[in-house]
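Opening the notebook on a new model today. I want the fold written down before I turn to the side chains.

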Amino acid sequence: MIESYSNYEWFLSQDFEEYSGKWLAIIDKRVVAIGDDVKQIIQQIKQKYPHKKPFITKVRGKLSIL
C-alpha cells in the first residue's frame, strides 16, 4: 500500500497533460506503460512486473476545481 501511495503522490506532482485521455501505469515513480485500453495495460504489467503493484490511472486534460 505504501508503494502505491508513493507512486500516487509522485503522479500528482508531475505534468502528464500530453497523455490526456490515456491510461498510465506507474511503478517506482516511473511510467512503465501507456495506452488507450486499461486491460492491455494490466496484462503488460503482469508480464513485465509480476511482483509489483502499479498505480494505474487515466489522465485527464485539465484539473477540475470543485
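How many helices and strands does the protein have? I get two helices and three strands. Worth remembering as I go: this is a predicted model.

**Entry: layout**

I read the elements from the N terminus on, and the order is α-β-β-α-β. Next I looked up burial for the whole chain: of the 66 residues, 24% are buried. The accessible surface comes to about 5300 Å², and carbon and sulfur atoms hold 52% of that. I also checked contacts between residues at least 6 apart in sequence, and 44% of these join residues at least 24 apart.

**Entry: strands**

I started with β1, which covers residues 23-27. Four of its five residues are buried, so I noted the strand as mostly covered.

Which strands does β1 pair with? One is β2, residues 30-35, which runs antiparallel to β1 and is joined to it by five bridges. The other partner I found is β3, residues 55-58, also antiparallel, with four bridges to β1.

I picked out one bridge partner on each side. Leucine 24 is matched with isoleucine 34 in β2, while tryptophan 23 has lysine 58 in β3 as its partner.

Then I looked at the turn. β1 and β2 make a hairpin with two residues between them. Aspartate 28 sits in that turn, and I noted its positive phi of about 50°.

**Entry: aromatic rings**

I counted six aromatic pairs in the structure. Tryptophan 10 and phenylalanine 16 came up first on my list: their ring centres are 5.7 Å apart, and the pair is edge-to-face because the planes stand at 65°, past the cut-off of 60 degrees. Phenylalanine 16 is buried, at 9% relative accessible area.

Why is the pair of phenylalanine 11 and phenylalanine 55 called tilted? Their centres lie 5.6 Å apart, but the planes are at 55°, and tilted is the label for angles that are neither under 30 degrees nor over 60.

I then checked where these two rings come from. Phenylalanine 11 is in helix α1 (residues 2-12) and phenylalanine 55 is in β3, so this pair ties together parts that are 44 residues apart in sequence. Are they buried or exposed? Phenylalanine 11 counts as buried at 15% relative accessibility, and phenylalanine 55 is buried too, at 14%.

Last lookup: one aromatic cluster takes in Tyr5, Tyr8, Trp10, Phe11, Phe16, Tyr19 and Phe55.

How values were computed: Residues numbered from 1 in each chain as written. Predicted model: local features only at pLDDT ≥ 70, side-chain atom pairs only at ≥ 80, totals over all residues. Heavy atoms only, no water. Buried < 20%, exposed > 50% of the residue type's maximum accessible area, 1.4 Å probe, protein only. Pairing = 2+ DSSP bridges. Contact = heavy atoms within 4.5 Å. Areas by Shrake-Rupley, 256 points an atom, 1.4 Å probe, with all protein chains shown as cover. Phe/Tyr/Trp six-rings, centres within 6.5 Å; stacked < 30°, edge-to-face > 60°.
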